Amino acid sequence: MDSVTSVLGAPGSYPISAVIIAQDDEVRIAQAIQSCRLFADEVVVIDGGSKDGTVQLAESLDCRVFVNPWPGYAKQREFGVERAVHDWVFLIDTDEVVSQELATDILEHKRGLTDVTVAYSLYRIGDFLGRWLDRGEYLVRLYNRKEYGIRNSLVHEMPEVSEERIVRLTGTLWHQGFRSINDHVARFNKYTDLEAQSAYASGKPFRLSHLLLRPPARFLQKYFLHGLFKKGLSGFAVSVFWVMYEFMVGFKHYELNSAGKLAQHNAMLPAEKEEKGERSYAVQ
């Protein structure tokens, strides 16, 4: 994994603000900040209330730091975007590192950021149990805030951009997301909470077929289609975790739907009894 080690100027280019949301990650945030220095004209760090040295470290690296009690992913991301000086914004997390190739490509694009309707995606690759996974995903991370806003969702918050307006950058965003199995399980628990809450809030019905079919389908996709079988035990573990993820989302969605129906039933019960002329004999 390579990372940016120098700072270069780009006269006449469009300025970019790198925006990082942070929470208790003093171990990784410095590398994330430094990897943006080649192309970013400022680095804005939004801290949700860290108990470690995250804030002090970011300040020592000449970042503009704001502390905002955690309001959720989308709102925190938007809070940071609003405090950027420049309209072109690059989004990065504390556990991500911009490769030299990607940083150079963004730097080269700075002179051509004339069309605010165009947004730029990059290829992110994650790690697991000490190994980098071959298959990643394209994510929109560079865009103009006057044209696009952050999708208001509980999870997977990113700029809302139609596919035809997206240009892909070259290079890699390295995602150092793995800390430990315990941490991975804890974060999966949090993310599946948000995923299920989002599905329930949007009115999506729980479907037993999804619960039965999505987990094994996800395993086949990750392990065989995405080639994780080549990664030994690490690849097998990732595939199994995705099965667990799908099961947890499905069961939590079912739980929320059941709780909602029960609450609705209990709320209607007194009115139904009154209509039938029944009276309550509960002790007052």
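How many of the 284 residues of the chain count as buried? In this predicted model, the figure comes out at 46%. The chain is built from seven helices and nine strands. It exposes about 15,200 Å², and carbon and sulfur atoms supply 54% of that area. Contacts also reach a long way along the sequence: taking those between residues at least 6 apart, 75% join residues at least 24 apart.

Now for the inside. The largest nonpolar core holds 31 residues, and Ile33, Phe39, Val45, Phe90 and Val98 are the ones with the most contacts inside it. Quite a few elements chip in here: the strands β1 (16–22), β2 (42–47), β4 (88–93), β6 (119–128) and β9 (166–175), along with the helices α1 (29–34) and α4 (100–109), each supply at least two residues of this core. A second, separate core has 19 residues, including Tyr73, Phe79, Val81 and Val140.

Val45 gives a nice close-up of the larger core's contacts. Leaving aside residues up to four places away in sequence, Val45 touches Ile20, Ala22, Ile29, Ile33, Ala58, Cys63, Arg64, Val65 and Phe66. Of these partners, Ile33 is itself among the residues with the most contacts inside the largest core.

Strand β8 (residues 137–144) is worth a look next. Six of its eight residues are buried, so β8 is largely enclosed by the rest of the structure. Which strands pair with β8 in the antiparallel sense? One is β4, which pairs with β8 over three bridges; here valine 89 has tyrosine 143 of β8 as its bridge partner. Another is β6, whose antiparallel pairing with β8 runs over five bridges, and in β8 valine 140 stands opposite serine 121. Val140 has turned up already, as one of the residues of the second core. As a rule, side chains in a regular strand alternate between the two faces of the sheet.

Finally, there is helix α5 (residues 181–201). With its 21 residues, α5 reaches 30 Å from its first C-alpha to its last, close to the 30 Å expected at 1.5 Å a residue. The buried residues of α5 are His184, Arg187, Phe188, Thr192, Leu194, Ala196 and Ala199. To make sense of such a list, it helps to know that an α-helix has 3.6 residues a turn, so residues three or four places apart point the same way. After α5 comes glycine 203, and its phi is positive, near 85°.

How values were computed:
Residues numbered from 1 in each chain as written. Predicted model: local features only at pLDDT ≥ 70, side-chain atom pairs only at ≥ 80, totals over all residues. Heavy atoms only, no water. Core = buried A, V, L, I, M, F, W, Y, C linked by side-chain atoms within 4.5 Å. Buried < 20%, exposed > 50% of the residue type's maximum accessible area, 1.4 Å probe, protein only. Helix = DSSP H or I, 4+ residues; strand = E, 2+ residues; numbered from the N terminus. Contact = heavy atoms within 4.5 Å. Pairing = 2+ DSSP bridges. Expected span 1.5 Å × (residues − 1). Areas by Shrake-Rupley, 256 points an atom, 1.4 Å probe, with all protein chains shown as cover.
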